[in-house]
Amino acid sequence: MAHSVSFSTCRRDSDYENLGEDEPGQVSFQHVGEPAASTQRSPEIFGMDFIMERSDSSSDSSTSDDTLDGGPENSLQRRGWSAATLRVLSSMPSRSTGPNSNAGVCTSRRPNRHHPSRPNQDDAVQAEAAEITPEESKKQQLVSNLRGLSVSERLHRLRAMTLSLADKMEIRRLAFSDVAESSLINRDIPCYSRLSVYILRSWRHCLFGCLSVLSSLRLWHSPMKKLSGRFGTGVLSYFLFLRTLLLLNLLLFVITGLFLVFPQAINPSHLYDSHSDTFTGLELLTGRGYLSQSVMFYGYYANAMIKTCSPPDCDSGKSLNMPYSIPAAYFFTITIAFFITCIILVYNVSTSLGRRFHVLKSHGNLATKVFCSWDFKVSKRTSVRLQSEKISTQLKELLSEMIGREDAKSYMQRLGHLMVHLLAWVTCLATILLGAMAIHYLSESKYKAVHKQSADKETELLLMSAAVSGFNLLLPGFFNLCAWVENHDSPSVRVYVSIFRNLLLKVSIVVVLCFHWLGRIAVEPESRGLQCWENFVGQELYRLLLMDFIFTVLYTFLGEFLWRLFTKQVLRRKRKPVFDIARNVLELIYGQTLTWLGVLFAPLLPAVQIIKLIVLFYMKKSSLLLNCQASRKPWRASQMTTLFISLLCFPSFLGAAVFVTYTIWTIRPSPGCGPFRNLTTMIQSSQLWARELEDTHPSMSWLSLAYNFLVEKPFFLFLASGVLLMVLYLHTQVVDGQRRIISRLEKQIENEGKDKKFLITKLQILYEQSSQVCPDR
């Protein structure tokens with residue numbers, strides 16, 4: 001074989017040279033044949049690098065061992081390859097499978113007409129004739145080996161071969177020639193079996209078609225594809241986060257509606273007269289009056305048992321089934337809803353961390369995006385346009401990551417930037433502190449006058465909510481001004497800084513409000529003229545949520561629509577504002593935090609949040625398409641979704657869970673309203689229910705035992721928390737290990753490519769040394 005020929009034989013070297021001047025293997029490296037279907041990228045990449053270096057070289061250069069050490073002259077930059085070198089190149093793993101060469105399948109190839117050292121036509125004919133025989137024998141040997149296997153084994157082996165698609169098709173045609181055609185007509189199959197096979201195939205086609213239809217029927221699937229293609233993954237992450245919040249609120253609404261609101265609605269409380277207050281419409285803003293005497297708020301729910309029995313038994317006072325306790329249902333519904341939400345959030349955080357760690361390097365994603373991202377099943381003109389916009393935007397984001405490096409700055413420049421950053425942070429923190437103090441002052445002044453029966457009481461109630469929403473609207477604009485002064489190099493860094501500053505603002509406001517609700521109002525409600533402080537806190541949260549939505553609508557209209565008209569008509573500029581991801585995401589987290597805080601005092605507050613999110617999606621989508629433009633510095637938001645879910649889980653949900661748990665376990669309920677009246681704490685209702693269940697229904701005593709083990713004993717709570725944290729930790733460790741394995745494999749592939757380059761260079765040096773020893777060529 002040619003691979004084992006010694007270079008000390010002069011005659012064979014010259015024969016190889018004549019044969020290799022127009023070698024088919026030479027042309028195969030210049031994309032005349034089909035590319036190898038190998039998943040390894042390093043052999044093909046380095047092979048292409050060799051060809052590019054060869055085509056870019058302008059003159060022959062003498063090679064020496066110094067070139068292997070990174071010398072200025074590369075030995076691979078030559079005008080012509082030797083025949084032995086070409087044979088080694090054609091036998092590389094990316095071009096062959098075991099002893100059977102990939103190049104042997106293609107029997108006719110065109111020579112490169114633009115080669116600078118083109119040989120005569122007779123040598124080319126002789127070279128091709130000499131090459132066909134061994135390569136054809138290899139192909140026949142491969143076909144004969146495949147024919148000795150079963151059909152399934154043939155398919156498995158052929159699929160595993162690193163050959164081009166055309167070569168695999170030819171080998172499959174030859175290897176399966178002894179097998180009958182796969183169509184059902186040529187097979188001797190009974191009619192009923194053929195019918196069952198047709199039915200099975202039709203069912204599978206229908207199933208795959210339904211799966212594609214169901215994937216397109218996901219909530220807001222088509223609008224999100226359009227937004228992703230035009231504005232990038234950063235804006236898309238906001239709308240994906242909004243959809244996640246909508247699904248969480250739907251789950252919360254279903255749980256509270258089925259087990260709490262619906263049982264109380266079909267058995268209305270007789271403590272409130274539904275005709276005592278007339279509906280004026282202002283109750284929709286304040287939550288007072290007619291709305292406060294409905295299932296919307298805590299005070300309407302009764303401290304009673306709902307008996308489930310037939311009419312004769314009810315008339316006689318007998319109950320065949322276990323009564324439905326509203327206080328126990330209230331406690332268990334809120335507890336189970338928070339527990340399920342906690343599990344979902346922990347799962348989402350772990351999966352988001354997994355997707356974050358599985359993101360490969362930018363150049364790998366770029367190659368995949370360039371060569372493998374187009375969907376050839378797309379035929380509609382609008383779909384083609386959307387897909388092209390999406391791929392174009394993603395390529396811009398990937399390229400911006402590759403070329404977006406910080407410029408080298410001098411010591412004085414870095415010191416100046418550091419001083420600017422410190423000044424901006426001090427200013428922002430001082431502004432947040434002043435805003436929190438203003439909220440504290442307004443809360444104290446409002447709570448002192450809350451028991452006054454004045455005509456302006458409704459306005460005073462709305463003033464507090466309007467002030468909080470005003471701070472949430474104006475201060476983020478000031479933070480953006482500070483970020484503009486700081487002039488961050490990376491758009492992603494600017495978004496992260498803005499998110500953290502807005503988060504500090506929201507957290508400080510919520511902490512001040514929670515302190516007043518639980519530290520002032522709940523402790524001394526009688527001194528402030530409140531008969532049901534739970535209703536008051538629920539109405540406060542309802543007003544805050546509603547006022548936040550109103551201010552969001554005003555900002556969308558005034559800050560985006562009118563500003564676009566002003567810049568277009570007055571300033572005569574075509575530039576539109578950029579969508580503020582940090583502000584809008586923190587508004588969503590703030591609204592969801594209010595919903596979790598208020599579900600204990602207003603069980604229907606998730607319904608209000610659902611309506612708000614649906615309206616917000618369509619409003620933001622329309623405003624984005626009409627008033628905003630894509631960022632001039634595209635950036636890939638590969639970790640934004642993970643950040644949003646993490647912020648939603650740990651500061652938002654964890655804080656709301658601590659607030660609700662503290663209220664249930666320690667705060668004394670109002671004695672005149674709600675399902676927990678005349679009780680020391682809210683959790684005492686579940687204890688009374690367990691005792692009564694054990695006494696009156698001995699057959700259901702297992703529920704009492706389960707309650708004592710799961711709720712009364714803290715071991716289960718610690719165990720559940722430990723399991724959730726352990727699952728999160730193990731998932732992150734597994735993903736981190738996979739990331740390290742991927743990194744090592746990429747490094748190994750890179751080193752293998754370097755080894756091939758080194759060996760090819762050595763081979764070329766040996767050939768030149770042998771040609772100097774035998775000058776007769």
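Are C532 and C673 buried or exposed? Both cysteines are buried. Keep in mind as you look around that this is a predicted model.

**The protein as a whole**

The chain folds into 25 helices and four strands. Of its 777 residues, 43% count as buried. Looking at contacts with a separation of 6 or more, 77% come from residues 24 or more positions apart.

**The disulfide and other cysteines**

If you are wondering about crosslinks, the structure holds one disulfide. C532 is joined to C673, with an S to S distance of 2.0 Å. C532 sits in the loop between α18 (491-521) and α19 (533-569), and C673 in the loop between α22 (640-666) and α23 (684-696), so the bond ties together parts that are 141 residues apart in sequence. The torsion about the S-S bond of C532 and C673 is about 85°, and the disulfide is therefore right-handed.

Why is there no bond between C482 and C428? The closest cysteine sulfur to that of C482 is the one in C428, and at 3.7 Å it is too far for a bond, because a disulfide calls for sulfur atoms within 2.5 Å. C482 is buried too, with a relative accessible area of 9%. C206 has a relative accessibility of 46%, so this cysteine counts as partly exposed.

Here are the two sulfur pairs side by side:

| Cysteine pair | S to S distance | Status |
|---|---|---|
| C532 and C673 | 2.0 Å | disulfide |
| C482 and C428 | 3.7 Å | too far for a bond |

**A pair of helices: α20 and α21**

Next, turn to helix α20 (residues 581-598) and helix α21 (residues 605-627). Their axes come within 9 Å and cross at roughly 165°. That angle is over 145°, which means α20 runs roughly antiparallel to α21. The crossing of α20 past α21 is right-handed.

Which residues of α20 and α21 meet? From α20 come N584, L588, G591, Q592, L594, T595 and G598, and on the α21 side they meet L605, P606, Q609, K612, L613, L616 and K620. Sorted by class, this contact between α20 and α21 has six nonpolar, six polar and two charged residues. Among the residues to pick out on your screen are L588 and L594 in α20, along with L613 and L616 in α21.

Key:
Residues numbered from 1 in each chain as written. Predicted model: local features only at pLDDT ≥ 70, side-chain atom pairs only at ≥ 80, totals over all residues. Heavy atoms only, no water. Axes fitted to C-alpha atoms, helices over the stretch in contact; angles between N-to-C directions. Helix = DSSP H or I, 4+ residues; strand = E, 2+ residues; numbered from the N terminus. Parallel < 35°, antiparallel > 145°, perpendicular 65-115°, else oblique. Left-handed = near helix turned anticlockwise from the far one by under 90°. Contact = heavy atoms within 4.5 Å. Nonpolar A, V, L, I, M, F, W, Y, C, P; charged D, E, K, R; others polar. Buried < 20%, exposed > 50% of the residue type's maximum accessible area, 1.4 Å probe, protein only.
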